[in-house]
2 protein chains.
Amino acid sequence: MRHHQIHQHPHHDHPLHRAEFPGFGRGGEFPGFPPFGPRRRPKGDVRAAILAILAADGVEAVNGYGIMKAIGEQTEGAWTPSPGSVYPTLQQLVDEGLIAPTGEGRKTEYALTEEGRAYTAEHAEELASWATAQRPSDAARALMESAGRLMAVLGQFRHAATDAQRAAAAEQLDATRKALYLILAE
Amino acid sequence: MRHHQIHQHPHHDHPLHRAEFPGFGRGGEFPGFPPFGPRRRPKGDVRAAILAILAADGVEAVNGYGIMKAIGEQTEGAWTPSPGSVYPTLQQLVDEGLIAPTGEGRKTEYALTEEGRAYTAEHAEELASWATAQRPSDAARALMESAGRLMAVLGQFRHAATDAQRAAAAEQLDATRKALYLILAE
DNA sequence: GATGCGTCAACGATATATCGCTAATGTTCG
DNA sequence: CGAACATTAGCGATATATCGTTGACGCATC
């Protein structure tokens, strides 16, 4: 069993036992719309993407967060790697001597070493392949936008709605869900 | 202007300038359903909640993340304070001598000091008021659940759908959005 | 009492990092 | 070639922390 965040006296009925609480999460939120694209990138893509971004013309140093954002932008939203994959890979590249960090903590940035420059020049083609990740189609984009607009309206049911209005909204959503199943069944 | 994540040569047309990219964010995601409850808690509530949680029977030490989760659980989802408010407040309480940290980095936990114990015993009533935050009504919960189920179905349009199906789904969502506006207009 | 100003705590965004799980790939064996 | 096994990189969850913005509250003044 994982280490608990809360150290408790083992004989007390304390209020913080995980199993006793409804899993509501953060203030009524629930997962947003998941990203398009494959569930998982091929091995090596995170590494390739980092190197390609650091090797790009005009780029001197980039922080970890910036690398994630750049990948997301260059794939037009098709793929934004998570910190869980980016930071270990950055460290690995440091260990390999291809990149070097400057600054500490929040100010940490990474740049290619000379060795890294030579490596990326020699493997430019391999390091570019991730950027051709399949883009969301126009229909997929439009669907995401529609879902976004729907969520925005739902946001108004937080404060400025009666419970009767909320009940009516829930009915609408349930009907829409059924309609979506029918569409998927085609 | 804020410090840029990417240090670039100022005279190149580099691919990472923020203004040149569509704001797609992480792989097609967009904001989820925002939480119920006031936009902002009254001043002092974060402090009170932290002290109350650390003072609860059976609680010895709690990490920052655990405090956030505990508050969310005890308010039944009505309020989960963000790291931006919890960590500074924890540090402030440390500076005041009411709590003390043990461990470092990911292992950091916080417990009341003796002074903190005396303080919380003396101010128990004040420190309990946040826990009465207004709960989401049953109708609000049901709406959140409906929205969650709808998003789950939408998740299937990521991979297992044609563009024609996506277009049909978008039409459904747009119709639902209009219906929600009508409900709000009542 | 009403208004304006100053302060500061709460928030969302930014940013780093690790952990446990598991999907995916490569290797070995029959 | 197919199946089984081993390895490891990618992912989501966990966890810490800071920064810039701003909402809310208290105080002073009229």
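Here are three short exercises on a predicted model, each with a worked solution.

Ground rules: residues count from 1 along each chain as its sequence is written, chains are lettered from A in the order written, and side-chain values use heavy atoms, leaving out hydrogens and water. Local features need pLDDT of at least 70, side-chain atom pairs count only at pLDDT 80 or more, and totals for chains, interfaces and linings use all residues.

**Exercise 1.** Work out the order of the elements in chain A.

Start with the tally: chain A has six helices and four strands. These are DSSP runs, H or I of at least four residues for helices and E of at least two for strands. Now walk from the N terminus, and you get β-α-β-α-α-β-β-α-α-α.

**Exercise 2.** Is A:Thr120 buried or exposed, and what does it touch?

First, locate A:Thr120: helix H4 (residues 114-122) of chain A. Next, check its relative accessible area, which is 8%, so A:Thr120 is buried (under 20%; exposed is over 50%, with a 1.4 Å probe and protein chains only). Finally, skip residues up to four places away in sequence; A:Thr120 then touches A:Leu51, A:Ala55, A:Leu112 and A:Leu127 (heavy atoms within 4.5 Å).

**Exercise 3.** Find which helices supply at least two residues each of the largest nonpolar core.

Begin with the core, a set of buried Ala, Val, Leu, Ile, Met, Phe, Trp, Tyr and Cys residues joined through side-chain atoms within 4.5 Å. The largest has 27 residues, and those with the most contacts inside it are Leu154, Phe157 and Leu180 of chains A and B. Then read off the helices: H5 (138-155) and H6 (163-185), in chain A and in chain B.
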